[in-house]
Structures are given as structure tokens and as C-alpha cells.
Amino acid sequence: MYYKKLEGNRVYLSPMTIDDVDNYTKWMNDRRVTDNIHSTSKMITTVNEQEWVEEVMKRGGHTFAIVSKENDNLIGNCGLMRTDYKDGVSTIGI
């Protein structure tokens, strides 16, 4: 189940859920995805990905599932990293 935390015209952002680990594992083993994030040489298992999702969920606040409003399907994720609150800047990953 997803929750609309930030809503756009075609997608919304929702907190990540452990139920999506299989999707994330599939994506992280797909060369079309990993070539763009320089992770092609890594082999990601479901256990690896579950640990990552659990860690992200524990930290909270800055990583979201991207969900299609048309059918409530997960289509990606995004997050803010290296946030500098003093200067008001952050790096985004999609």
C-alpha cells in the first residue's frame, strides 16, 4: 500500500515499503538501470536489497517510492542525499 506524501499530475511520492524488494532487486540487476548509476558490476540479491530498504526506512525522511497515479504501480524511487541544511542544498537521485 502506498501513501500520497507529495502528489504531481501523473505520479506521487510515497514512503518506501519492504513489499517492493523484489522490484528493486530486479531493477538493480538490470543493466539498463545500473549502467546509469555505475553499479553494473554488482550482483544484488534479494537479501542485499531487503537490508538496503530496511536501512532506508529506518533513516526515514529522504527516500521515496515513485508511484504512477494511473494504476498505483511502483515505477521507481528517488531520494535526497548529502543534504546541507545550513546552505539549503542537496543531491537528488532518481
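Where in the chain does isoleucine 94 lie? Isoleucine 94 is in the segment after strand S5, which covers 89-93. Before I go on, please note that this is a predicted model.

Let me stay with isoleucine 94 for a moment. Its relative accessibility is 75%, so isoleucine 94 counts as exposed. Isoleucine 94 also belongs to a nonpolar patch on the surface, together with Leu80 and Ile92. The accessible area of these three residues together is about 340 Å².

Now from the surface to the inside. Which residues make up the largest nonpolar core? There are 10 of them: Tyr2, Tyr12, Met16, Val21, Tyr24, Val53, Val56, Ala65, Val67 and Leu74. At least two residues of this core come from each of helix H1 (21-28), helix H3 (46-59) and strand S3 (63-68). Take valine 53 as an example of the contacts. Leaving aside residues up to four places away in sequence, valine 53 touches Met16, Thr17, Ile18, Val21 and Tyr24.

Next, the aromatic rings. How many aromatic pairs are there? The count comes to two. In one of them, the ring centres of tyrosine 24 and tryptophan 27 are 5.5 Å apart and the planes are at 75 degrees; planes over 60 degrees apart count as edge-to-face, so this pair is edge-to-face. Both tyrosine 24 and tryptophan 27 lie in helix H1, three residues apart, which is about one turn of the helix. Tyrosine 24 has 1% relative accessibility and therefore counts as buried. Tryptophan 27, at 21%, counts as partly exposed, because buried means under 20%.

Tyrosine 24 forms an aromatic pair with tryptophan 52 as well. That pair is edge-to-face, with 6.4 Å from centre to centre and 80 degrees between the planes. Here the pair links distant parts of the chain: tyrosine 24 is in helix H1, tryptophan 52 is in helix H3, and 28 residues separate them. Tryptophan 52 counts as partly exposed, at 36% relative accessibility. Through these ring pairs, Tyr24, Trp27 and Trp52 are linked into a cluster.

On to charged side chains. The count of salt bridges comes to four, and I will go through three of them.

One of them joins arginine 32 and aspartate 30, where the closest N and O atoms are 2.8 Å apart. Arginine 32 has 69% relative accessibility and counts as exposed.

Another joins aspartate 35 and arginine 31, with 3.3 Å between the closest N and O atoms. Is aspartate 35 buried, exposed or partly exposed? At 37% relative accessibility, aspartate 35 counts as partly exposed. Its partner arginine 31, at 58%, counts as exposed.

A further salt bridge is between glutamate 55 and lysine 58, and the closest N and O atoms there are 3.9 Å apart. These two residues both lie in helix H3, three residues apart, about one turn of the helix. Glutamate 55 is partly exposed, with a relative accessible area of 36%, and lysine 58 counts as exposed at 66%.

One last residue, threonine 34. It is found in helix H2, residues 31-34. Why does threonine 34 count as buried? Its relative accessible area is 2%, and buried means under 20%, so threonine 34 is buried. Not counting residues up to four places away in sequence, threonine 34 touches Trp27, Met28, Ser39 and Thr40. In that list, Trp27 is a residue we met earlier, in the ring cluster with Tyr24 and Trp52.

How values were computed:
Residues numbered from 1 in each chain as written. Predicted model: local features only at pLDDT ≥ 70, side-chain atom pairs only at ≥ 80, totals over all residues. Heavy atoms only, no water. Helix = DSSP H or I, 4+ residues; strand = E, 2+ residues; numbered from the N terminus. Buried < 20%, exposed > 50% of the residue type's maximum accessible area, 1.4 Å probe, protein only. Contact = heavy atoms within 4.5 Å. Patch = residues over 30% accessible without salt bridge, like charges linked within 9 Å, V, L, I, M, F, W, Y side chains within 5 Å. Areas by Shrake-Rupley, 256 points an atom, 1.4 Å probe, with all protein chains shown as cover. Core = buried A, V, L, I, M, F, W, Y, C linked by side-chain atoms within 4.5 Å. Phe/Tyr/Trp six-rings, centres within 6.5 Å; stacked < 30°, edge-to-face > 60°.
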